[in-house]
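Colleague: Hi, have you got a minute to go through this model with me? I'd like to start with the charged contacts.

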Amino acid sequence: MKKIIIHRTPLFLLSLAFLITILPAYAKASEATKQNVISKTIEYFEDGSYMTITVTEDIPATRGTLSHKSGSKDYVLTNKYGNELWRFTVHGTFSINSGVSATCTAASYSVSITNDAWENESASAYYSESQAIGDATFIKKLLSITVESKSCHVTLTCDSKGNLS
């Protein structure tokens with residue numbers, strides 16, 4: 001019996017050491033993905049559909065002097081029945097000299113289509129000064145014929161105080 005316990009003890013200690021090193025890293029990774037909604041607005045169209053525009057900022061895992069900030073701005077098209085059709089998101093990373101200036105250092109985009117009638121015809125993202133900018137065009141086809149088209153121009157801006165809009 002003692003022999004079995006002796007053989008299991010190193011394995012138990014090794015497993016415990018592994019968990020002690022992995023769990024804090026996992027907690028930090030999940031903290032880094034937290035987001036804070038800054039603003040949300042809705043634009044209505046004549047056909048009853050509407051676009052929801054949401055600005056979110058990533059909440060950094062560590063608190064300290066603010067020198068970098070990242071966030072995103074979503075454009076979500078929803079039909080008059082409340083069903084999401086597609087989503088275009090511009091992501092931006094900003095370098096901030098507090099109270100003086102903010103400079104966008106990276107911009108990207110993501111597209112999500114939830115209604116098969118729609119497809120993404122084009123999309124791009126770029127940055128200029130304190131803005132991450134994205135453009136996209138979505139088309140709706142019926143029997144391979146384009147019956148509707150919607151375009152969006154998305155600008156995520158960061159001011160010198162680190163406020164996203």
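**Salt bridges, strands and surface**

Modeller: Happy to. Let's begin with aspartate 74, which is buried because its relative accessible area is 13%, under the 20% cut-off. Keep in mind that this is a predicted model.

Colleague: Which residue does aspartate 74 form a salt bridge with?

Modeller: Its partner is arginine 87, and the closest N and O atoms are 3.3 Å apart. That pair links distant parts of the chain, with aspartate 74 in strand β3 and arginine 87 in strand β4, 13 residues apart.

Colleague: Is arginine 87 buried, exposed or partly exposed?

Modeller: Arginine 87 is partly exposed, since its relative accessible area is 27%. Arginine 87 also meets glutamate 84 in a salt bridge, at 2.8 Å from N to O. Glutamate 84 counts as partly exposed because its relative accessibility is 26%. Through shared partners, salt bridges join Asp74, Glu84 and Arg87 into one network.

Colleague: How many salt bridges turn up in the whole structure?

Modeller: The search finds four. One of them pairs lysine 69 with glutamate 57, with 2.6 Å between the closest N and O atoms. Lysine 69 sits in strand β3 (residues 68-78) and glutamate 57 in strand β2 (residues 50-58), so this pair ties together parts that are twelve residues apart in sequence. Both lysine 69 and glutamate 57 are buried.

Colleague: Let me zoom out. What elements does the chain have?

Modeller: There are one helix and eight strands. Reading from the N terminus, the order is α-β-β-β-β-β-β-β-β. The chain has 165 residues, and 27% of them are buried.

Colleague: Now pockets. How much space lies in the second largest one?

Modeller: About 170 Å³. It is lined by 13 residues, and the closest to its centre are Asn79, Leu85, Trp118, Lys140 and Glu148. By class, the lining has five nonpolar, three polar and five charged residues.

Colleague: Where is tryptophan 118, and is it buried or exposed?

Modeller: Tryptophan 118 is in strand β6, and it counts as buried because its relative accessibility is 5%. Its C-alpha atom is separated by 7.2 Å from that of leucine 85, although the two residues are 33 apart along the chain.

Colleague: Which residues have an unusual backbone?

Modeller: Glutamate 129 and serine 144 are worth a look. Most residues other than glycine have a negative phi. Glutamate 129 has a positive phi near 50°, and serine 144 has a positive phi of about 65°. Glutamate 129 is in the loop between β6 (118-128) and β7, while serine 144 is in the loop between β7 and β8 (145-157).

Colleague: Are those two buried or exposed?

Modeller: Glutamate 129 is exposed, with a relative accessible area of 67%. Serine 144 is exposed too, also with 67%.

Colleague: Which residues make the nonpolar surface patch?

Modeller: Leu142, Leu143, Ile145 and Val147 make a patch of about 450 Å². Leucine 142 lies in strand β7 (residues 131-142) and counts as exposed because its relative accessibility is 55%.

Colleague: One last thing, where does asparagine 97 lie?

Modeller: Asparagine 97 is in strand β4 (residues 84-97). Its relative accessibility is 45%, so it counts as partly exposed. The C-alpha atoms of asparagine 97 and glycine 162 are separated by 8.8 Å, with their positions 65 residues apart along the chain.

Methods
Residues are numbered from 1 along each chain as its sequence is written. This is a predicted model: local features need pLDDT of at least 70, side-chain atom pairs count only at pLDDT 80 or more; totals for chains, interfaces and linings use all residues. Side-chain values use heavy atoms; hydrogens and water are left out. Helices (H or I, at least four residues) and strands (E, at least two) are DSSP runs, numbered from the N terminus. Buried means under 20% relative accessible area, exposed over 50%, partly exposed in between (1.4 Å probe, protein chains only). Patches are made of residues with over 30% relative accessible area and no salt bridge: like charges are joined within 9 Å, nonpolar side chains (Val, Leu, Ile, Met, Phe, Trp, Tyr) within 5 Å. Accessible areas come from the Shrake-Rupley method with a 1.4 Å probe; for residues, only the protein chains shown count as cover. A salt bridge is a side-chain nitrogen of Lys or Arg within 4 Å of a carboxyl oxygen of Asp or Glu. On a 1 Å grid over the protein atoms alone, a cavity is a set of points where a 1.4 Å probe fits but cannot get out, and a pocket is an open set with protein on both sides within 12 Å along at least five of seven lines; lining residues have an atom within 4 Å of a point. Grid points are joined across faces, edges and corners, and a volume is the space filled by probe spheres set on the points. Ala, Val, Leu, Ile, Met, Phe, Trp, Tyr, Cys and Pro count as nonpolar, Asp, Glu, Lys and Arg as charged, and the others, Gly among them, as polar.
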